[in-house]
Every structure is written in C-alpha cells, then in structure tokens.
Amino acid sequence: MTITKELGGSAPIELTPKDFKGLADPDWCPGCGDFGVLNALQRSCAEMGIQPHSILTVSGIGCSSNFPGYFNSYGMHTLHGRALAVAGGAKLANHELTVIVTGGDGDGYGIGGNHFTHTARRNVDLTYLVMNNQIYGLTTGQISPTSSVGMKTKSTPFGSVETPLNPLTSAIMNGATFVARGYSGDPRHLSDIMKQAIQHKGFSLIDILSPCVTFNRDNDHSFFKQRVNKLEDANHDTSDWKAACELAMEWGDKIFTGVFFQREGASTLEQQEPVLRDGGPLIKQMNPLTKEQGSKIINALM
Amino acid sequence: MSTGKYDFSIAIGGAAGQGIATPGNIVAQMMARRGLHINAYNAYQSIVRGGHIFLTIRARDDFSRSHGDKLDLLLCLNQDTMDRHLDLMVSGTRVLFNSDDINPGTPASGVELCGLPISELTDNSRNRLVQNTVALGAFMHLSGLDFEILEESTRQRFARQGEVVVEENVSVARAGYQYALENFTPFPIPAPLGEKPLAIWTGNDALAMGGAAAGVKFYAAYPMSPSTGVLHWMAKNARDLGIMVRQMEDEIAVANTVIGAAHSGVRSMCATSGGGFALMTEAIGMAGMMEVPAVFINVQRAGPSTGVPTKTEQGDLWQALGASQGDFERVVVAPFNSLDAFNTMPELFNLTDQLQIPGIVLSDLLISEGTSTVDPDLVDVYPEINRGELITESTGSKEYMRYESTESGVSPRALPGLEGHIHIVATDEHDENSLLISDEFTDPHKRRKMVEKRARKIINLENMVPSPSIEGEEDADVTLVGWGSTYNVIKDAIPMLKESGIKVNHLPIKWIVPLHKKTIEELLSKSNKTIIVENNYSGQFARYLRSETGITADGYIRKYDGEPFAPHHIVEAVKEQLAGKTKISVPYQEIMV
Ligand SMILES: Cc1ncc(C[n+]2csc(CCOP(=O)(O)OP(=O)(O)O)c2C)c(N)n1
Ligand code: SF4
Ligand SMILES: [Mg+2]
C-alpha cells in the first residue's frame, strides 16, 4: 500500500510510477489495452510530480472504468455514463484538485454522450481519457458507438449497420479545447500526450485506441500496429481545427495519433465562475451567511 | 391588532399576457406592508399568452393559511373571466371590470357591478395594461385605503421605467380611485392595520433561502415547473451569497454534478419536479452507496409523465420512497408550508451530513408557487450547522479507511485533496477500505457487513427528528391525518367544522422517512374516526401508512383534479362521512379554470 509514503507529512521528494499503484491489482484480461493506459498515466503523473492526494480520478462503469481502483489517488467509481457530470461537480467545488476522468467508449460516447457534449463546450478543466476499444467489454461484447460497420458482435451477429461516431471531430465540434488520440500500445507517446493534456487549462479529450483482446478481434494490436502514425511526423498545425478534423477522419491504412487540436487561452468554466473570482476553491468558502447577507435576503422580501 | 374579523379575498382573472402579476403583486405587497396576512394561489396554464389565469389573494388580520373559500372582489380583465366566475359572486360582493369591453351578464342579487369606463378615464390611452392600474385605484376606494398608499407603491414599482411612465400610472390610478369614490360603495370593513409589516415569499423562495441558510454553496438545476423558482432565486442571489449556480444539460447531470460537488465537501442541492426526479434516481442511489450527503427536492406537480405541469398533486410519494434500485438509507421529508420548508432545509442538511445519506424533500406546486406572508423575525437565516464527522485537515499517521465499520455505522469522511486519506468511493459494493468486492471476489460476509454498516446509520433516525403529534382537541369526533401541504387547509377547516358542532383534530405527518410508527399507532389508537386527506387518486400515504403500521383508516378525502383543497371541501367531506354516506370523498372543484 503506497499511501503510507505520504503519511507523517513528509511528501516523497521524487515520485515514481510505483507511487501511483493502487490498492487493487488490475483484473483486466491479460493483454488488455487498458494496462498500457494505466502505465502511461502512472508515468505521466510521476514525471509531472503531481502528488497522488491532489489527484481525483473519476470513472463510470466498464472494464476501463475500473481504472480508479488501480491508480493511487482519490477516486470516484461512479455510474455508467456519468463520470463527466460527477467530475465536473467535484472540480467546480474544489478546482485545486487535478481531476482525471477515465472510462470507455460506451460509457463516454454512448450512455454518457450528452455529458460529453456539454462538458466539452463548458470547457471545465478536466482531462478525459477514453479507452476506446470499439466494444462493450464488461458486458461481454456488444457493439459500441465506435464499432465499425460490419462488425460482428453478440448483439450484431450479422454485422453492425450503424455508422460509428468519431470522438475527435465530435469533441472539436462540441468546443473541446484539447483533442488528441493515443494508442495504448505506445505508452511512451501516450504519456507525452497525457502530460500535455493535464497541463492544458480546459477540457481535454484523449481518445485512446485500447484494444479489447477478448471481444474485439477486428481491432487488435496487429490491426493498429501497422496503421498508427504519429501526427508529429505529419507537420500538423494544432490550431487548425479543419485540418484536425480531416486528419481525425482518416481511418484506413493510416490512423493518426497525437494532438489534433488545441485552443490555448480559452477561459475555463472555473475561471469564468464569479464566486471563484476572488476566493480560493469553493470548498474553502463554506462560511455561514454573514449578518449583511442574511438581512439582505430578508429585506428583499419586505 | 388582530381582531380576526377582516378576511378579504380578491381574485384577478384574465389571460396570460394581460399582466395579472403586477396588480396582484401590488395588492399583496400593500396588504403585507400593512401587516395583514396574505395567502395567494395562482391557477394558471402552461402558456405565455392567452388561456385563463386566476389569481386569488386572501388577506386577513389573523394568521392566514389557505386561499380560503369565498371571494369578496372579482377583478375581470377579460370577458372570459366574467363569464366563468360571475356566478360565484354572492350578495355583498363586488365585481370590477372594464365596461368598455366587458359585458357583465346578470349577477346574483346584492352583487355590486363596478364597471370602469376605461377609455374615458384614461384619455383613450393605448397602453393595453392601463385597465389594471385604473382597477387598482378603484380597489383602494373599495377597501377603504388611502390613495397615497397606492401612489407610493406605484412610484416604487415603476421608478426604473422613468418619470413619464410613473406619472402616467399614478394619474390613471387616481382617475380610477376618483371614479370609484363617486360611483361605488366601499366594503363595510376597511382593510385594517396589522401589528408590523410582514415579509412576502413563495415556497420556492423559502426552499432556496433555507438552503442558503443551511450553507449550500452549490446549486444545479434543469428548469422544470413548478420547481424553477428555486433556480431563479439561487441565480439571482448567487453572487451576493457566494453560491455557485449551474444550469445543466439534463436532470441526470444535475444530480450527478451535485453529488460530485458534495463529495468535494460543499453542501449541495438541486430541485426538480417528478419527471426530472425520475432522471435523478440512479444518482440518488449512488449517493446512498457512496455515502455522499446531498439534498434533492421534488416539487410535485400533477402526473403521470408530463402530466399537468401547472397543477398541484401529492402523487410522487412512492416515487420518493422507491427512488433508485436496491435497499439503501435515505431521509424523505414533506414540509407543511413555506416557513416549514425554510426550516426543514438546514435540519435536513444536518441530518444528511451526519448520516452521510441522501435527503429528499417532497414539496408541491401549492407550497412552492403559493405566495404567503411570513413574520420576518421567524425566518432564522443563521441556523445551527452540523456537518457531521468530516475530516477537513490532514491528521496523524493512522491508516485511513473511508468505510470503516464503526459502531454507529458512520465512517469519518475525508475530503479529496487531503494528505494521508487517499481513498476511492464506489457504486460497486466495496469493503471498509473501498476495495471493490465485486471485482476482487464475491464475499457474502463482507457484503453483509457493509449492508449492515450502512443500515446502522439510521437505526436512531426516528429520535433525530421531532415525532408527529395531535394538534387540536384531545377528544375529537374525527382525526384528520394529512401529510405535507395539506397542513394549512386542514388547519383552516377545523374551526369551520367546530362551528357546525363537529370536533376535529389533526395529525400532520412531515417526516415520511423516518416514519414514527409507534407514535402514530399510539395516537391513532385513541382516534374515534380516522380520515386521511391527500391530494392524489390512489391514497399513496394511506397505503404507505398501512404498509408500515397496519393501520387502516376509517375514511379518505382525496382530490386529483389538479387544484388544491379549499377548506370547505374538507368540511363537506367530513360531514358526508360522518353521515355515513361514503368512505372516500372526492370534493368537487367549483372554480373552473
Ligand atoms: C445504467 C446502466 N446500463 C447498463 C449497464 C451495464 N454496463 C456496464 S459496462 C457497460 C458497457 C461498457 O462499455 P465501455 O464503456 O465501452 O467499457 P469497456 O468495458 O469496453 O471498457 C454496460 C452496458 C450499467 N452498468 N448501467
Ligand atoms: S474484456 Fe476486453 S476490455 Fe475488458 S478487460 Fe478483457 S480485454 Fe480488457
Ligand atoms: Mg469499450
């Protein structure tokens, strides 16, 4: 158990990925893409020197949403699809926390789609890591909003006929200010993107290609390994949303990973919130009504 | 000086867009400033223009609880109002109307028709709303009030619109006053002066203010009638009071965001109506499982589904009791009226914080949108705040377990961000140290232990809130049992029944969970005849009471037409039940809207 390391008030001077190892060992299937995501986040947080107790990891429900249990930080393992809504409230109430939201494609783009749209446009300072395996893993293999046309699953034994959702173009259209794609098979590159995302002030999405080795044989590591191309090599301007969308639509021989779009300097919701303007986080403003406030609201009734 | 003699009701009827609210507010405010007790009920429709709106304002020199039974003055802003309501007017009443446009029809004998030649009195003003102001002037004379009182109110109300508007309004109001003085007979009892000016509020104001007084700093909402007033109050006062107010994408987001903020340690709440509450229910279960305290207000309206958005009902009792799957601890409270709603909020927050459970408030349109006066000295905006076992600072080196199985079942709650208290909260079943039981292995003994730990928290709940008691005479012919918003109307009906020689007392139930079963059983065992009064079709409270106590009432009074009970509905129903005519009375709503 790693929390002992912080007890007694003396914070560890240098953090290692091990300091972010959670209480439970992952029970993901051997080879599951989500291991790479966990490793990458542990490495990112250690390298950035963020203390575990100042991080809050929030997830929904799914294989990928079990993440907070495996990561040493404060955590909330919430309801299927609701991670962003819960995380937004937690962040607004204490914006000193680094809030990282973790979950799956079904969780975030399907059942949680409405929150995805609106949390992005509000530009709440959250880092959203979606482990996109194009399938519902935990419920043993049904199509998800990102499953490819023709994909055969238990709920589509004759092949899916639905057009998949593109998380990146959706996020850009929704107003997200940092939009990236990572690949769990390249944790080092993923970790680089994560660090930028965490550093970014505002809503950041990293859609992470994170294969489900048990239920999605179409999109496994061999599929991705030969297609994944780093955007860094494509000479892409991340302030150009149109170019970002075009690159994000590419899903053939080439699938790009890296930062597609970033808008810097956009105000976050916390920055615009009037009650946070002069005080610290809301949690530190929990005072009862003052005499002046009390008489003001009573006088308004007279 | 309370003589208990003055009991005056004015109704203003017209279409949406005819500006009923302004004369309504002016009348209510003038009366409240005189220290008269006001109770107003607005029967309206879910449209912005047209339709029929009927605002009833009752003013008394004694405590006023419901909008009463009778009208003294009817102000018709359109023909429709005249046609619908004239036959409610009995001898001694007055009907004010614009005689240029409205044809009065034939009233009952003794009704004074007070037609106002609006065009003549206003030099043909084209302002559509001018008839309201003229009528207010006439109202002053009829009520024996000095014109200067209206003049002052008018000047205040229109001040922001500039001198020209102010003068125009004052001058047409004076014309109305003058015309009335020359042509109409004032009411025999002029509006008296009460002890001191009273405050005026709606139930939604009271719920919001109660939250603010309780220390709420995070409020989220998705607009839904009749709960939207809470959002509006919060939004208006947010900056002054340091409350963060967020309008979300739906009620699912509202409830989840509120729980997120509450988990960070901020007192958080939300309000909605039944449909929105349905969307919140999965999250309410999450608050139960994660042991995060937060308050969810359901302002009931007539259902099911979209139902009757602007009408009242007590139809969501079982929805609150059954909100969310599984077996978990919650508090459900149904305040009686606005002041009680205000006081309930800090009380409920203290409970939910101490027990780390969700709290549900059942208000309804009658309370929430009803306007009433309150003695400002009774509104305690500095209540005691008890946040329970909350760890807000890093402490020694003891190993922290979020769900430690303590004797009380309550585990000290550390806020995220503290050193040395890292933990997970989860909707999956978990052990004392937040390890997911469902992930690791399924362990029936651990599961049982955690279920029992959470359940222990509320073993003592009944003793934490006041138990119900009989109000009124000990040895009564009938005991009326009500819950929530029927409180006021039952209180008004009892003296009326007494006048007819029927002794009735009242057992009002506010705390639904915990239900003080033993107390209720004891109290009702002495009742000669128990009648349960509720604003729904199926007798939701009657069924709940029976399921919890085995008590079957002797009779029932129910109403489910969208309108609240008036005192005479209760009176007549009790009489017919005592006469053995029926066991279930469903009073007929006379004032059709
Ligand atoms: C309201 C609700 N509906 C359905 C479920 C069942 N459920 C759990 S996880 C899941 C899908 C998970 O898919 P995804 O989010 O892609 O996560 P993955 O397991 O693939 O990582 C579903 C449908 C649930 N827990 N709650
Ligand atoms: S089912 Fe798929 S997503 Fe779930 S743990 Fe196994 S490999 Fe990973
Ligand atoms: Mg998935």
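**Exercise 1. Strand 5 of chain B**

Task: In this predicted model, find which way the side chains of strand 5 of chain B point, and whether they are buried or exposed.

Solution.
- Step 1. Sort by direction. B:R94, B:L96 and B:N98 point one way, while B:V95 and B:F97 point the other way.
- Step 2. Check burial. Residues on both sides are buried. The cut-off is under 20% relative accessible area.
- Step 3. Count over the strand. Strand 5 covers residues 94–98, and 5 of its 5 residues are buried.
- Step 4. Look for a neighbour. Strand 4 of chain B (residues 73–76) is joined to strand 5 of chain B by 4 bridges, and the two run parallel.
- Step 5. Pin the register. B:L75 has B:L96 as its bridge partner.

**Exercise 2. An open sheet in chain B**

Task: Work out which strands of the sheet with order 19-18-21-22-23 in chain B stand at the edges.

Solution.
- Step 1. Read the order. This open sheet has 5 strands, paired in parallel.
- Step 2. Take the ends. Strand 19 (504–509) and strand 23 (584–585) of chain B each have a single partner strand, so one side of each lacks a neighbour in the sheet.
- Step 3. Move inward. Strand 18 (residues 478–483) and strand 21 (residues 530–534) of chain B run parallel, joined by 4 bridges.
- Step 4. Fix one pair. B:L480 is the bridge partner of B:I531 in strand 21 of chain B.

**Exercise 3. The magnesium site**

Task: Identify which residues coordinate the magnesium ion (ligand 3).

Solution.
- Step 1. List the donors. They are A:D105 through OD, A:N133 through OD1 and A:I135 through its O atom. Distances run from 2.1 to 2.2 Å.
- Step 2. Write the spacing. The donor residues follow the pattern D-x27-N-x1-I.
- Step 3. Place the pair A:D105 and A:N133. A:D105 is in helix 4 of chain A (residues 105–111), whereas A:N133 is in the loop between strand 4 (127–132) and helix 6 (167–174) of chain A. The two are 28 residues apart and link distant parts of the chain.
- Step 4. Check burial. A:D105 and A:N133 are both buried.

**Exercise 4. Two ligand shells**

Task: Describe where ligand 1 lies and which residues come nearest to ligand 1. Then list which residues are around ligand 2.

Solution.
- Step 1. Locate ligand 1. It lies between chains A and B.
- Step 2. Pick the nearest residues. Of 17 around ligand 1, these are A:C63, A:S64, A:D105, A:G106 and A:D107.
- Step 3. Find the main contributor. Helix 4 of chain A gives the most to this shell, with 4 residues.
- Step 4. Read the polar pairs. A polar side-chain atom of A:D105 is 2.7 Å from an oxygen atom of ligand 1. Polar backbone atoms of A:G106 and A:G137 each lie 2.9 Å from an oxygen atom of the ligand.
- Step 5. Gauge the cover. Ligand 1 alone exposes 590 Å², and the protein buries 77% of that.
- Step 6. Classify the shell. Around ligand 1 there are 6 nonpolar, 8 polar and 3 charged residues.
- Step 7. Turn to ligand 2. Around it are A:W28, A:C29, A:C32, A:C63, A:N133, A:C212, A:V213, A:T214 and A:F215. This shell has 7 nonpolar, 2 polar and no charged residues.
- Step 8. Cross-reference. A:C63 is listed for ligand 1 and for ligand 2. A:N133 is in the ligand 2 list and coordinates the magnesium ion.

**Exercise 5. Backbone checks in loops**

Task: Locate the residues with positive phi near 55°, and say whether A:N123 and B:S305 are buried or exposed.

Solution.
- Step 1. Take A:N123. Its phi is near 55°, although the residue is not glycine. A:N123 sits in the loop between helix 5 (113–122) and strand 4 of chain A. Its relative accessibility is 5%, so A:N123 counts as buried.
- Step 2. Take B:S305. Phi is again near 55°. B:S305 lies in the loop between strand 11 and helix 11 of chain B. Its relative accessibility is 69%, so B:S305 counts as exposed.
- Step 3. Check the peptide bond from B:G303 to B:P304. It is cis, with omega about 0°. B:P304 is in the loop between strand 11 (294–300) and helix 11 of chain B.
- Step 4. Add another cis bond. B:S225 and B:P226 are joined with omega near 0°. B:P226 belongs to the loop between strand 8 (218–221) and helix 8 (228–241) of chain B.

**Exercise 6. A buried serine**

Task: Find which polar contacts the side chain of B:S324 makes.

Solution.
- Step 1. Place B:S324. This residue is in the loop between helix 11 (317–321) and strand 12 (331–333) of chain B.
- Step 2. Test burial. The relative accessible area is 12%, so B:S324 is buried.
- Step 3. List the contacts. A polar side-chain atom of B:S324 lies 2.8 Å from the backbone oxygen of B:T281. The side chain of B:Q325 makes a polar contact with that of B:S324 at 3.4 Å.

Conventions. Residues are numbered from 1 along each chain as its sequence is written. Chains are lettered from A and ligands numbered from 1 in the order in which they are written. This is a predicted model: local features need pLDDT of at least 70, side-chain atom pairs count only at pLDDT 80 or more; totals for chains, interfaces and linings use all residues. Side-chain values use heavy atoms; hydrogens and water are left out. Donors are N, O and S atoms within 2.8 Å of the metal (3.2 Å for Na, K and Ca); water is not among the atoms, so sites may look incomplete. Buried means under 20% relative accessible area, exposed over 50%, partly exposed in between (1.4 Å probe, protein chains only). A residue is near a molecule or strand if one of its heavy atoms lies within 4 Å of it. A polar contact is a pair of N or O atoms within 3.5 Å; within protein, one must be able to donate a hydrogen and the other to accept it, and residues adjacent in sequence count only if both atoms are side-chain atoms. Accessible areas come from the Shrake-Rupley method with a 1.4 Å probe; for residues, only the protein chains shown count as cover. Ala, Val, Leu, Ile, Met, Phe, Trp, Tyr, Cys and Pro count as nonpolar, Asp, Glu, Lys and Arg as charged, and the others, Gly among them, as polar. Two strands pair if DSSP finds at least two bridges between them.
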